[in-house]
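Got your viewer open? Load the model, switch to a cartoon view, and let's walk through it one selection at a time.

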Amino acid sequence: MEDKIISSRNMEHCSNAISNDYGLWYHATMRQTLTTLLSSRQYQESNLILPVLLGTTNENDISLIDVTKSPHVLIGGAPAQGKTMLLHSIILSLLLKKSPQELKLVLIDPTKIEFGVYAFLNEQHFYHSTHGKEKVLSHISSCIEMVKCLTDEMDLRYDLLHRAKCRNIKEYNHKIHSGQIPQNAEYNIMPYIVVIIDEFSDVAVAGGEEFLSMFMHLLSLSRSVGIHIIFSTYRHDTDIITGMIKANVPVRIGFRFIDKHASLRLLDRVVQQDYLGVGEAIYSEGSCAFRINTPYLEVPEIEVMIAQINKAH
């Protein structure tokens, strides 16, 4: 039996669904641009620690999550269905809300194409390894070095929290802001680090066991010290989406899949027949799942937003 997606209306009974000449169902609600969603009251007035804009629901409500509560996000689906565009939306919705003192990014793009536009983003928005100043990492050696560096950073942060007698980054930063812990050379604001990986499967295959071992260590322990990972994949083999990854990443977003087996591996449910057009996805967290229409944007819009971010910081 194929699972049904939680929604206020099933596609077949939706009054604002239409059918094309090929018998495929599409929702009449058009994808909204990222610019439109970023100007929404829900996003503008959000006080989430790390607000991520995912798009809209079938009821046209804004879908907004706090990455710190996720604590990691896995995005899957067939090629050219909207995964990378959603990553752009995530990156920009974070940057437009958070200063470089509050947030550092790590961008990994093995294709060397999709994240190239962020080379124009100011240096201060990025977290750098000890051996390089690349803004967008594409070579596997750089990716492995970065994961090593992030693992070391995680260990240093745990040591700092222990000395400060704090359980997590939120408590630590609150004590810094409130003056309970005096700011000095040892104790300072701890920025969140969000790692964005496009086509994780390419990095995992090229990096082999060395990369995967360190990546899993980071994935399982980094939440408390403010390191969060959002990664996408077009491959859904069990050697890519392992049991350990699924156990540590409860939030998963699936676009249209090639077959029902890929859907089952990523979302733990078969939903192929429920999919609509490009850009629509299923948000899944535990037993809860609902459909979202992810934002639409083009490169010129990204460039304008990057210029805006650079001017603000």
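The tour goes from the sheet to the helices on it, and then to a pair of helices. Keep in mind that this is a predicted model.

**Stop 1: the sheet.** Select the strands. You're looking at an open sheet of 10 strands with mixed pairing, and the order to trace is 4-3-12-11-10-5-9-8-6-7. Now pick out strand 4 (62-66) and strand 7 (136-137): each has a single partner strand, so one side of each lacks a neighbour in the sheet.

**Stop 2: one strand pair.** Select residues 51-57 and 288-293, which are strand 3 and strand 12. They pair antiparallel, over 2 bridges. Zoom in on T56 and you'll find N293 of strand 12 opposite.

**Stop 3: helices on the sheet.** Add helix 3, residues 83-95. It lies across several strands, including strand 3, strand 5 (73-76) and strand 10 (251-254), and runs at about 130° to strand 3. Next, show helix 8, residues 260-267, which packs on the sheet and touches strand 5, strand 10 and strand 11 (280-285). The direction of helix 8 makes about 160° with that of strand 10.

**Stop 4: a helix pair.** Keep helix 3 and add helix 9, residues 299-312. Their axes are 10 Å apart, at an angle of about 20°. Angles under 35 degrees count as roughly parallel, so that's what helix 3 and helix 9 are to each other. The crossing of helix 3 and helix 9 is left-handed.

Which residues make the contact? Show side chains for H88, L92 and L95 on helix 3, then I302, M305 and I309 on helix 9. That contact has 5 nonpolar residues, 1 polar and no charged.

Note on methods
Residues numbered from 1 in each chain as written. Predicted model: local features only at pLDDT ≥ 70, side-chain atom pairs only at ≥ 80, totals over all residues. Heavy atoms only, no water. Pairing = 2+ DSSP bridges. Helix = DSSP H or I, 4+ residues; strand = E, 2+ residues; numbered from the N terminus. Contact = heavy atoms within 4.5 Å. Axes fitted to C-alpha atoms, helices over the stretch in contact; angles between N-to-C directions. Parallel < 35°, antiparallel > 145°, perpendicular 65-115°, else oblique. Left-handed = near helix turned anticlockwise from the far one by under 90°. Nonpolar A, V, L, I, M, F, W, Y, C, P; charged D, E, K, R; others polar.
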